[in-house]
Amino acid sequence: MPKQAEILSHLKVKSLANTKKTKSYTVGGATGLMLQVKYNPEKYTLAVSWILRIKINGKRRNIGLGGFKTLPLSRARKVAISVRQDVKLNELLGKTYYAN
């Protein structure tokens, strides 16, 4: 059985989003949902986005779901579950799902 990620609260995710490290954090609540934090120390910029790690046609893919400020945690979980269901349905129907 795969390892289950700890389900993080909104406050915990918000504190992770403000860290000045380039790292991806598993959020839990939806399989493969991650918070990606990219910090550029030269420009003092912080980019935080939601990523869904998923297997499509036998290959692992990272699908960007949106920015942290525009997509709240609860909505990101719902979108991740919906995208995962769409991919699974397309694979069952024999259709190709394209993602970079």
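A helix here is a DSSP run of H or I at least four residues long, and helices are numbered from the N terminus. With that in hand, arginine 77 can be placed in helix α2, residues 73-93. The model you're looking at is a predicted one. Let's start with the whole protein and then zoom in on three residues: glycine 28, tyrosine 44 and arginine 77.

**The big picture**

- The protein has two helices and four strands, and if you read along the sequence they follow the pattern α-β-β-β-β-α.
- Along its principal axes, the C-alpha trace spans about 45 × 25 × 25 Å.
- Out of the protein's 100 residues, 30% count as buried.
- Take the contacts between residues at least 6 apart in sequence: 32% of these join residues at least 24 apart.

**Surface and charge**

- About 7,200 Å² of the protein is exposed, and carbon and sulfur atoms supply 52% of that area.
- There are 20 positive and 4 negative charges in the protein. The mean positions of the two groups are 3 Å apart.

**How the strands pair up**

- Strand β1 (residues 23-26) and strand β2 (residues 33-40) run antiparallel and are joined by four bridges.
- You can look up individual partners here: lysine 23 is bridged to valine 37 in β2, and tyrosine 25 is bridged to leucine 35 in β2.
- β2 also pairs with strand β3 (residues 45-56), again in the antiparallel sense, and this pairing has eight bridges.
- Within that second pairing, glutamine 36 stands opposite serine 49 of β3.
- One handy rule for looking at any sheet: in a regular strand, side chains alternate between the two faces.

**Turn one: glycine 28**

- β1 and β2 form a hairpin with six residues between the strands, and glycine 28 sits in that loop.
- Glycine 28 takes a positive phi near 85°.
- Is glycine 28 buried or exposed? Glycine 28 counts as buried because its relative accessibility is 5%, and the cut-off for buried is under 20%.
- What does glycine 28 touch, if you skip residues up to four places away in sequence? The list is Ala5, Glu6, Ile7, Leu33 and Arg77.
- Glycine 28 and serine 9 are 19 residues apart along the chain, and their C-alpha atoms are separated by 9.4 Å.

**Turn two: tyrosine 44**

- The hairpin of β2 and β3 has four residues between its strands, and tyrosine 44 is found in this loop.
- Tyrosine 44 has a positive phi of about 55°, even though it isn't a glycine.
- Tyrosine 44 counts as exposed because its relative accessibility is 67%, and the cut-off for exposed is over 50%.

**A buried charge: arginine 77**

- Back in helix α2, arginine 77 is buried, yet it has no salt bridge.
- How far away is the nearest side chain of opposite charge? That side chain belongs to glutamate 6, and it is 9.4 Å away. A salt bridge needs a side-chain nitrogen of Lys or Arg within 4 Å of a carboxyl oxygen of Asp or Glu, so this pair doesn't qualify.
- Leaving aside neighbours within four places in sequence, arginine 77 is in contact with Ile7, Leu8, Val27, Gly28, Gly29, Ala30 and Leu33.
- So who is on both contact lists? Ile7 and Leu33 are among the residues contacted by glycine 28 and by arginine 77, because each has heavy atoms within 4.5 Å of both.

Definitions and conventions
Residues numbered from 1 in each chain as written. Predicted model: local features only at pLDDT ≥ 70, side-chain atom pairs only at ≥ 80, totals over all residues. Heavy atoms only, no water. Pairing = 2+ DSSP bridges. Buried < 20%, exposed > 50% of the residue type's maximum accessible area, 1.4 Å probe, protein only. Lys, Arg positive; Asp, Glu negative; His and termini not counted. Areas by Shrake-Rupley, 256 points an atom, 1.4 Å probe, with all protein chains shown as cover. Charge placed at Lys NZ, Arg CZ, Asp CG, Glu CD.
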